[in-house]
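Visitor: Before I trust any labels, could you walk me through how they are earned?
Guide: Sure, have a look first and then ask away.

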Amino acid sequence: MVGLIECSLSDVTSKVFGNQNGLIAAFGDMNADKATDIFVLSEDGKSLSILEASIDISQDETSFSRKPFIVGKPSDRVIVAVVPGDFNIDSQNDVLVMRKADDDQSSTKVKVEIYLTNQDADANSPYLTINETFRDQPAIIDGNGDMTPDLFGETSDGKRGLWVFKGNSSYGVEYYENPPGYELLPLKVPQSSAFLDLNGDLTADLCAVTESNGETTFEFWLNKDGVLTYSYSVKAPPELKVVGQAVFSDFNGNHNINILLPGCLDEECKDSAVFIWEDDMYKESSSHGSWFRLYVNFATLNRKTTFVKSMEVTSWLSLPITLHIGDFNLDGYPDAMAILSDASFGPHNTSSYLMYNQGCGGDHCGGFSRALSISYSEPLHKSRPVLTSFFDLKENGVLDIVLSEVKSDGSTALRAVEQDFSGDASFLKVMVVSVLCFKSCPHGHTPYGVNQVGPTAKFESTTPMGGDQIGQASQLSQSAYFSLQLPFMLFGLGQTPNFVDELWVGIPYPEGRSPRVHSWSSIIPNSQIIIIPYPLDSPSRWKHELYVTPSRLVLLTGVSLLGTCAFIGIIVALLHWRERMEDKKEKLQEAQRFHFDAM
């Protein structure tokens, strides 16, 4: 689409975080000020704080102030997951926390509690506690299309269900039965199921990740007339002996969501690989799609890196192999970030690296058009990294990086790495809010800031060379095991000042209703668009707010235009002055001429 866009990194920890510590757990705009806040767990995993963002536009700086949210007691069970969302249907972010269900450190069983935004941190009393114990961390989805998050998971005795919140301190459970001709398999532990558009109709579907007899399978539950319906299954590549967390992205820019599956080719994780699933929904095929092995430069002349089979974050938390996805250089293709170990020094010598999405041609590409290039020249850490994520520090559409690290004394530290973006690439930032109210929200609260799962956005534009530029993404598609997804969709547009020709947005809808999809045309690049889907069933009346951040290319274009106009104006003024001088000279000559008629 475009060539490599240059950027550089700088450590801004002291300005952004100061000496803050803890483990980054989730992101969300808790005070509806259109700035993303950070949820941070304490080192013992029993307390939760919110780092509220404050953006100083005049100083071009962002800082965070810590606000306690849950003050833990010694007897509390540790928190292993945090998910913001509107669970009591008042258009304000609440917080769902998952705690270990027992004292067995190897157990994955969790209990789920929900805390309200305006709760007393010291009171430490949840608004709602789910009675059932979950076998593993459930996924957050909108299974019935009511714009309220639900839970998809399994009970400790193996029953798969959908937990639906009703807004009056209650919930209901709908247990799944085997679909015709298919027997439901146990969900994979650790869980990486996702809620996103899988077939291009702008309505979120469900990809349930299961495991049986050591074999990982992806179940595709497509939304048909408002009902998630089992359609087909895909087995993971047999080459992977250790299967990591699946992530989902339009990796090659064709409006088709791919599954990226990191893992290892041996049980000891001495050789790593990333496979990608390309769906054949636009082709006539009975196989549904194919797996390709992405080319990744794990081995170079000087080193060999691998994924960490199990990342020991703390004594009470271990995480599986994970990729984090985001278009870091805004070239139109999502990049990745991962924590890798140097195979020659053992699994504890870990480093965090960017992995750029680049074009690939040749036999080594495995038949796929893209590859991941690890940027070994840009290590992102100082101490041992345990959690890393993309983040937009200045809310300017340029991705930065935040990390949790473990220092030599065993304590944790937060770190911020800012991207000094030197390219002329543009972006499109889309956020869909949960709007069950608009002007008459409870407590007079504005409808912004609520983390909404399931919205899908896709765009079409034209490159300077006249080619098509397309992309698709879903908002907050995964939540388990510190997936650390941002509450918006960010598209890189590359080096183009052209308008975005068309932007489509779709949200889940319930059974018996029509699909909820709307489009907008001629969107200015470098825009943040907040979609307000109100009323839900009248997409033509949906509102959108546009916030523009002019890029250097747009500014240069404006300066050039003003310069051209000024130059033309000067020429016109000079010609006008010259004409007036000639007229004056002519009149003087006429006055001095001898008139024979006067004699």
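Guide: One term to start with: a strand here is a DSSP run of E with at least two residues, numbered from the N terminus. Asp400 belongs to strand 32, which spans residues 400-406. And do keep in mind that this is a predicted model.

Visitor: Why is Asp400 called buried?
Guide: Because its relative accessible area is 3%, and buried means under 20%. So Asp400 counts as buried.

Visitor: Which residues does Asp400 touch?
Guide: Leaving out residues up to four places away in sequence, Asp400 touches Phe328, Ser389, Phe390, Phe391, Asp392, Leu393, Lys394, Val417, Glu418 and Gln419. The cut-off for a contact is heavy atoms within 4.5 Å.

Visitor: What makes the link from the side chain of Asp400 to the backbone nitrogen of Leu393 a polar contact?
Guide: The distance is 2.9 Å, and the limit for a suitable N or O pair is 3.5 Å. The same side chain also reaches the backbone nitrogen of Gln419, at 2.8 Å. Both pairs therefore pass as polar contacts.

Visitor: How far apart are Asp400 and Asp420 in sequence and in space?
Guide: They are 20 residues apart along the chain, and their C-alpha atoms are 8.9 Å apart.

Visitor: What about Ser351, buried or exposed?
Guide: Ser351 has 12% relative accessibility. The cut-off for buried is under 20%, so Ser351 is buried. Ser351 sits in strand 29, residues 350-359. Not counting residues up to four places away in sequence, Ser351 touches Ala338, Ile339, Leu340, His381 and Pro385.

Visitor: On to the empty spaces. How many cavities of 30 Å³ or more does the structure hold?
Guide: Six. What earns the name is that a 1.4 Å probe fits inside but cannot get out. The largest cavity has a volume of about 740 Å³. Its lining has 43 residues, and the closest to its centre are Phe248, Ile325, Gly326, Ser474 and Gln485.

Visitor: Which strands supply at least two residues each to that lining?
Guide: For the largest cavity, they are strand 19 (247-249), strand 27 (324-326), strand 31 (384-391), strand 36 (468-474) and strand 37 (489-494). By class, the lining has 22 nonpolar, 19 polar and two charged residues.

Visitor: How large is the second largest cavity?
Guide: About 210 Å³. Of the 20 residues lining the second largest cavity, Val83, Pro84, Leu476, Gln478 and Ser479 are the closest to its centre. Strand 2 (23-28) and strand 6 (79-85) are the elements that give two or more residues to this lining, and strand 6 gives the most, with five.

Visitor: How do you know how many of its lining residues are charged?
Guide: Asp, Glu, Lys and Arg count as charged. The lining of the second largest cavity has 14 nonpolar, six polar and no charged residues.

Visitor: And what makes the space of about 710 Å³ a pocket?
Guide: A pocket is an open set of points, with protein on both sides within 12 Å along at least five of seven lines. The largest pocket holds about 710 Å³ of space. It is lined by 35 residues, and the closest to its centre are Thr108, Val189, Pro190, Pro320 and Tyr481. Strand 26 gives the most to the lining of the largest pocket, with three residues. By class, that lining has 16 nonpolar, eleven polar and eight charged residues.

Methods. Residues are numbered from 1 along each chain as its sequence is written. This is a predicted model: local features need pLDDT of at least 70, side-chain atom pairs count only at pLDDT 80 or more; totals for chains, interfaces and linings use all residues. Side-chain values use heavy atoms; hydrogens and water are left out. Helices (H or I, at least four residues) and strands (E, at least two) are DSSP runs, numbered from the N terminus. Buried means under 20% relative accessible area, exposed over 50%, partly exposed in between (1.4 Å probe, protein chains only). A polar contact is a pair of N or O atoms within 3.5 Å; within protein, one must be able to donate a hydrogen and the other to accept it, and residues adjacent in sequence count only if both atoms are side-chain atoms. On a 1 Å grid over the protein atoms alone, a cavity is a set of points where a 1.4 Å probe fits but cannot get out, and a pocket is an open set with protein on both sides within 12 Å along at least five of seven lines; lining residues have an atom within 4 Å of a point. Grid points are joined across faces, edges and corners, and a volume is the space filled by probe spheres set on the points.
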